[in-house]
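Open the model in your viewer and keep the selection tool at hand. The tour goes from one residue to its neighbours, then on to aromatic rings.

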Amino acid sequence: MQIPIESMNLLMLNVGKAQHQGDWNWQNVNSPCTRIYYVSEGEAQVCFADKCVTLSPRHLYMIPAYTTHSYQCKGHFVHYYLHVYEGFRNEMNVMELYDFPSEVEAEEGDEHLFEQLCRQFPYAKLADSDPQTYDNTTKFADYVRRYHDLALWEKMELRGTTLMLFSRFVRKATLRVWTQDERLKRVLTHIHRNICKNIEIGELADIACVTKPHLIRLFKNELGTSPIQYINRKKIEKAQLLLFTTENPIKDIAFTLGFSDHSYFIRLFRKLSGTTPHGYRTTYCL
């Protein structure tokens, strides 16, 4: 399955080079930006819910958006970082279609690409490595505004470099099983295009040309979840993005995503994210 390159609308938020001496130790980091690292010296670890990955020199690492993770660093560690963001889009993105490796070997010239970005955008360097100082609504809005103020040629050059680095992971990625099933592709495309509406199982079954029980079995076999669970998870991911990138009231966000019952939205958000919308905004966004 081919992904139109124009659909990968990645906006740079931050880029820079950081040096640490056992002081890169941050817990439970979660934000709507995807992080790409190139390690030049030393070692550190990034820990996810199910594994820890050791960051080693001459390797690239990627942490997808909305992935809760923690950093551990016990000694000398030097790395480049690139934070990119894909805005609120009612369509499938590349992260939905592929399983990506967390680590790949860097290619010759990748460090130079980071160096070039750092020289071209020195103001995009983080002032502090603590995610709480830069992963917040105010800073995020400033970063997005800064990107949109770039000249067209700068955006084109930046996009090309970002896609080159991202391609290292795409090369090693594998298509998810469901992408081979045309029925599921039609259903998932419909879900993403209508994520802000109330989506009924019956309409999805009609799109797939199967019965509702058959659709539920198909979902569980290929995606490991039911259609309703999948829809709810995607709605809550969109809610997290809106909580992070806007100051819209929580009730308005619930309404935007098709929830007529504000209390139900709060209960569902807590169930899927472990905190309330207000708690999420307080912890990650302010």
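**Stop one: Val187**

Select Val187: with a relative accessible area of 0%, this residue is buried, because buried means under 20%. Bear in mind that the model is predicted. Now colour helix H6, residues 182-193; Val187 lies in this helix.

Which residues does Val187 touch, leaving out those up to four places away in sequence? Show Leu204, Ile207, Ala208, Leu215 and Phe219. Take Leu204 from that set and draw a C-alpha to C-alpha distance to Val187: 5.8 Å, for two residues 17 apart along the chain.

**Stop two: Phe219 and Tyr230**

Stay with Phe219, a contact of Val187. The aromatic pairs of this model number 15. In one of them, the ring centres of Phe219 and Tyr230 are 5.9 Å apart and the planes meet at 70 degrees, so the pair is edge-to-face; the cut-off is over 60. Colour helix H8 (residues 212-223) for Phe219 and helix H9 (residues 227-245) for Tyr230. The pair therefore ties together parts 11 residues apart in sequence. Buried or exposed? Both Phe219 and Tyr230 are buried.

**Stop three: Phe259 and its cluster**

Move to Phe259 and Phe265. Their ring centres lie 5.1 Å apart with planes at 50 degrees, so this pair is tilted. Phe259 and Phe265 are both buried.

Widen the selection to Tyr264, Phe269 and Tyr280. Ring pairs link these three with Phe259 and Phe265 into a cluster.

Last, add Lys235. Lys235 sits over the face of Phe259, 5.5 Å from the ring centre.

Methods:
Residues are numbered from 1 along each chain as its sequence is written. This is a predicted model: local features need pLDDT of at least 70, side-chain atom pairs count only at pLDDT 80 or more; totals for chains, interfaces and linings use all residues. Side-chain values use heavy atoms; hydrogens and water are left out. Rings of Phe, Tyr and Trp (its six-membered ring) pair if their centres lie within 6.5 Å; planes under 30 degrees apart count as stacked, over 60 as edge-to-face and the rest as tilted. Helices (H or I, at least four residues) and strands (E, at least two) are DSSP runs, numbered from the N terminus. Buried means under 20% relative accessible area, exposed over 50%, partly exposed in between (1.4 Å probe, protein chains only). A charge sits over a ring if NZ of Lys or CZ of Arg is within 6 Å of the ring centre and within 35 degrees of the ring normal. Contact means heavy atoms within 4.5 Å.
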